[in-house]
Amino acid sequence: MRVDVVSIFPEYFAPLDLSLIGRARANGVLQLAVHDLRTWTHDVHRTVDDTPYGGGPGMVMRPEPWGEALDALAPVDAPPPRLLVPSPAGAPFTQAMAYELAAESHLLFACGRYEGIDQRVLAHAATRMPVTEVSLGDYVLFGGEVAVLVMLEAVTRLLPGVLGNAGSLDEESHAHGLLEAPIYTKPPSWRGHDVPEVLRSGDHGKIARWRREEGLLRTAARRPDLLAALPADRLDKRDIAA
Ligand code: SAM
């Protein structure tokens with residue numbers, strides 16, 4: 001997968017050299033390039049912002065540098081990337097969206113700062129590539145950089161060959177609309193707290209059932225919205241009895 005990120009703070013992305021993302025970059029699964037938006041400015045101050053039309057506080061990112069950045073990174077004669085613009089006013093980022101993005105061949109992230117990017121940049125880009133405004137949640141960050149780091153982690157770990165054990169993707173929270181059951185490792189007893197007996201029984205059928213029921217109980221307690229949204233065919237008779 002090719003990923004381009006445009007930001008006025010390219011240094012924010014240094015952690016992408018670390019851990020499994022760093023390895024995915026080193027072995028070519030992820031071709032990631034971070035670009036400084038100011039590369040596409042032409043004045044001595046390398047200006048990227050200006051006051052908002054209509055008045056109000058804060059500054060807005062000017063369209064010209066963004067237009068040139070998108071022209072350079074998504075040339076009209078090449079297959080268009082999918083443009084993702086972090087915004088608290090965007091569609092909520094979910095595991096389902098992470099899977100959708102992991103199936104794309106080229107993602108282009110545009111990190112806003114200040115009050116955000118002049119809306120005409122998105123309108124113009126939408127004439128030649130798919131554009132999605134994406135929100136990490138119902139709160140406001142300083143800029144899009146952290147949102148892009150989060151999205152890149154969620155997407156990269158879904159790419160084939162990135163996780164050592166791809167089986168863990170199938171059992172984790174949000175894989176099938178439920179939260180994962182509690183997990184334990186050695187020792188079997190620690191500070192008066194014991195690992196549930198069933199997990200030490202060696203009975204794989206019983207363990208799978210226990211995990212399923214604990215996942216259901218946890219989801220009901222912490223995220224009843226997820227349980228309510230679960231299609232009926234994702235529940236079996238034993239789930240309903242539990
Ligand atoms: N004026 C904007 C609004 O009220 O919708 C908020 C701008 S915010 C201070 C600056 C930038 O941070 C946004 O352009 C976006 O890139 C990023 N950002 C802030 N909160 C975000 C969120 N919840 N999800 C994704 N990106 C966010």
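Gly 137 is found in the loop between strand E7 and helix H5 of this predicted model, and UniProt, in an unreviewed entry, includes Gly 137 among the positions of a feature called "binding site". Gly 137 counts as exposed because 11 C-beta neighbours lie inside 10 Å, and a residue with 12 or fewer is classed that way. The points below take up the annotated positions, the ligand shell, the sheet, and some backbone features.

**Annotated positions and the E7-H5 loop**

- According to the unreviewed UniProt entry, the "binding site" feature is placed at Gly 112, Leu 136, Gly 137, Asp 138, Tyr 139, Val 140 and Leu 141.
- Leu 136 also has its place in the loop between E7 and helix H5 (145-156), and it is partly exposed because 18 other C-beta atoms lie within 10 Å, where 20 or more would be needed for a residue to be buried.
- Setting aside residues up to four places away in sequence, Leu 136 touches Phe 93, Ala 147 and Val 150.
- The same unreviewed source, UniProt, carries the annotation "domain: tRNA methyltransferase TRMD/TRM10-type" for residues 1-227; over residues 1-227 the chain is 32% helix and 18% strand, and the end C-alpha atoms are 33 Å apart.

**Residues around the ligand**

- The shell around the ligand holds 19 residues, of which Pro 86, Gly 112, Gly 116, Leu 141 and Gly 144 come nearest; Gly 112 and Leu 141 are also included in the UniProt "binding site" feature.
- Strand E5 (residues 82-92) gives the most to this shell, with four residues.
- By residue class, the shell around the ligand divides into ten nonpolar, seven polar and two charged residues.

**The parallel sheet**

- Five strands form an open sheet in the order E2-E1-E6-E5-E7, and the pairing is parallel.
- The edges of this sheet are strand E2 (31-36) and strand E7 (131-135), each of which pairs on one side only, and the twist averages 30° from one strand to the next.
- Strands of a sheet pair through backbone hydrogen bonds, either parallel or antiparallel.
- Strand E1 (residues 2-7) and E2 pair in the parallel sense over six bridges, and the bridge partner of Ser 7 in E2 is Asp 36.

**Asp 36 in strand E2**

- Asp 36 has its place in strand E2 and counts as partly exposed because 17 C-beta neighbours lie inside 10 Å, a count between the limits of 12 or fewer for exposed and 20 or more for buried.
- Leaving aside neighbours within four places in sequence, Asp 36 is in contact with Ile 8 and Pro 10.
- Asp 36 and Val 3 are 33 residues apart in sequence, and their C-alpha atoms are 14 Å apart in space.

**Backbone features**

- Most residues other than glycine have a negative phi, and most peptide bonds are trans.
- Ser 19, although not a glycine, has a positive phi of about 55°; Ser 19 is found in helix H1 (residues 19-26) and counts as exposed, with 10 C-beta neighbours inside 10 Å.
- Arg 191, likewise not a glycine, has a positive phi of about 50°; Arg 191 is found in the loop between E8 and strand E9 (193-194) and is exposed, with 4 other C-beta atoms within 10 Å.
- A cis peptide bond, with omega of about 5°, joins Lys 186 and Pro 187, and Pro 187 is found in the loop between helix H6 (168-171) and strand E8 (189-190).

Technical notes:
Residues are numbered from 1 along each chain as its sequence is written. This is a predicted model: local features need pLDDT of at least 70, side-chain atom pairs count only at pLDDT 80 or more; totals for chains, interfaces and linings use all residues. Two strands pair if DSSP finds at least two bridges between them. Helices (H or I, at least four residues) and strands (E, at least two) are DSSP runs, numbered from the N terminus. Axes are lines fitted to C-alpha atoms, for helices over the stretch in contact, and angles run from 0 to 180 degrees between N-to-C directions. UniProt positions are given in the numbering used here, feature names are shortened, and annotations may be inferred rather than shown by experiment. Two residues are in contact if their C-beta atoms, placed from the backbone, lie within 7 Å. A residue is near a molecule or strand if its C-beta atom, placed from the backbone, lies within 6 Å of it. Ala, Val, Leu, Ile, Met, Phe, Trp, Tyr, Cys and Pro count as nonpolar, Asp, Glu, Lys and Arg as charged, and the others, Gly among them, as polar.
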